[in-house]
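User: I've got a new model open and want a quick tour. Can you walk me through it?

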Amino acid sequence: MHDVEISRAVEILRPARRVLAFTGAGVSAESGVATFRGAGGLWEGRSIEEVASPEGFRADPIKVWRFYEERRRNVARARPNPAHTVLATWQDRFERYTLATQNVDGLHQAAGSRDVLELHGSLWRVRCVSCGTERDDLLVPLPQLPPLCAVCGAMERIAVVWFGEFLPPDVMAAAQAAAETCDVLVVVGTSAVVYPAAGLVGIAAEAGAKVIEVNPEASALAHLADVTLRAPAGEVLPLLDAGLREG
Ligand code: OAD
């Protein structure tokens, strides 16, 4: 990554009024939270369907529950990194700012981001598999067995979106509206292969937004980016922010 690319990104961001930040697991990598794909990723050597699908949960709810219990313990040890912090401060910089994340770790909120659009749900909520009642749950460690719903007595599950499930419609609609109307989309730390979330990049690009990608590797949608910043988010975002402050 060269200074000239940072400068180009700053020039694009400086006049922007409406900004959408779209993040994935890479934004939390420097906080010590494992990403999904690639070496050492959560999906390496594991069948995604086993722990991240309704069928997997039906087949073995205890195994799935314990997978998320362990993830929650790992995430509970993590702290927001400078990328989360910058993305939180931008809510006060731009006239209209939306932060849509695929992450379920809650680190954007821990860094002070408000009204985060959690496209894939949250590790910190549980939902009844039968009546759908949801509640916040911050317990660490969780009990070793899935708890039972206080309303109907059925089993509860972690309220993340699994493969084969719909994204929360109101959350996705808000993210799409932001993608359609933003001046600049900043895509941070996502492989951009999981739809419909990854579709936000195409929506924004097609609507005429400038796209800035922050990722040490090229994502599946890197070709849509006007500027690519190939370095860790925790390094790049503070540089972008410093550039904006200088302006
Ligand atoms: P992935 O694991 O697919 O991709 C993580 C991305 O982060 C990769 O492109 C890495 O190159 C990049 N990355 C790694 N370290 C980084 C750093 N320090 N700074 C910036 N980028 C870095 O994670 P997601 O794209 O978030 O869905 O995955 C999308 C969805 O697939 C997840 O939300 C989850 C998963 O299955 C569900 O569970 C429904």
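Analyst: Sure. Keep in mind that this is a predicted model. Start with the sheet of six strands: it is open, its order is S3-S2-S1-S7-S8-S9, and the pairing is parallel.

User: Which strands stand at the edges of that one?

Analyst: Strand S3 (117–118) and strand S9 (227–229) do. Each has a single partner strand, so one side of each is left without a neighbour in the sheet.

User: How many bridges join S7 to S8?

Analyst: Five. S7 covers residues 184–188, S8 covers residues 210–214, and the two run parallel. As a landmark, Val-188 stands opposite Val-214 in S8.

User: Which strands does helix H9 lie across?

Analyst: H9 (residues 199–206) lies across strand S1 (18–23), S7 and S8. Its angle to S7 is about 155°.

User: Switching topic. How is the chain divided into domains?

Analyst: Into two parts, each built from separate stretches of the chain. Domain 1 is 1–32 + 80–120 + 166–247, and domain 2 is 34–77 + 121–160. The contact takes 14 residues from domain 1 and 13 residues from domain 2. Taken over C-alpha atoms, their centres are 26 Å apart.

User: What about the other sheet, the one with S4 in it?

Analyst: That is an open sheet of three strands, in the order S5-S4-S6, with antiparallel pairing. Strand S5 (134–136) and S6 are the edge strands, each pairing on one side only. On average, neighbouring strands here are turned by 40° against each other, direction ignored.

User: And how many bridges between S4 and S5?

Analyst: Three, in the antiparallel sense. Val-126 stands opposite Arg-135 in S5. There is a helix here too: H5 lies across S4 and S6, at about 145° to S4.

User: Now pockets. What's the volume of the largest pocket?

Analyst: About 810 Å³. Helix H2 (26–29) and helix H5 (61–76) are the elements that give two or more residues to its lining. The lining has 41 residues, with Ala-25, Phe-36, Arg-37, Thr-190 and Ser-191 nearest the centre of the pocket.

User: What classes do those lining residues fall into?

Analyst: For the largest pocket, 24 are nonpolar, 12 polar and five charged.

User: Where does the largest pocket lie relative to the domains?

Analyst: Between them, because domain 1 and domain 2 both give residues to its lining.

User: Which residues are nearest the centre of the second largest pocket?

Analyst: Arg-127, Glu-134, Val-161, Leu-167 and Pro-168, out of 16 lining residues. That pocket has a volume of about 240 Å³. Strand S4 (121–128), strand S6 (156–160) and helix H8 (169–181) each supply at least two residues of its lining.

User: And its lining by class?

Analyst: Nine nonpolar, one polar and six charged residues. Domain 1 and domain 2 each contribute at least three residues to the lining of this second largest pocket.

User: Last one. How many cavities of 30 Å³ or more are there?

Analyst: One, from a search of the whole structure. The volume of the largest cavity is about 60 Å³.

User: What lines it?

Analyst: Ala-25, Ser-28, Val-33, Ala-34, Phe-36, Arg-71, Asn-103, Val-104 and Asp-105. By class, five are nonpolar, two polar and two charged. At least three residues of that cavity lining come from each of domain 1 and domain 2. Two of the names should look familiar: Ala-25 and Phe-36 are also among the residues nearest the centre of the largest pocket.

Terms used. Residues numbered from 1 in each chain as written. Predicted model: local features only at pLDDT ≥ 70, side-chain atom pairs only at ≥ 80, totals over all residues. Heavy atoms only, no water. Pairing = 2+ DSSP bridges. Helix = DSSP H or I, 4+ residues; strand = E, 2+ residues; numbered from the N terminus. Contact = heavy atoms within 4.5 Å. Axes fitted to C-alpha atoms, helices over the stretch in contact; angles between N-to-C directions. 1 Å grid on protein atoms, 1.4 Å probe; cavity = no way out; pocket = protein on both sides within 12 Å on 5 of 7 lines; lining within 4 Å. Points joined across faces, edges and corners; volume = space filled by probe spheres on them. Nonpolar A, V, L, I, M, F, W, Y, C, P; charged D, E, K, R; others polar. Domains from an automatic or database assignment.
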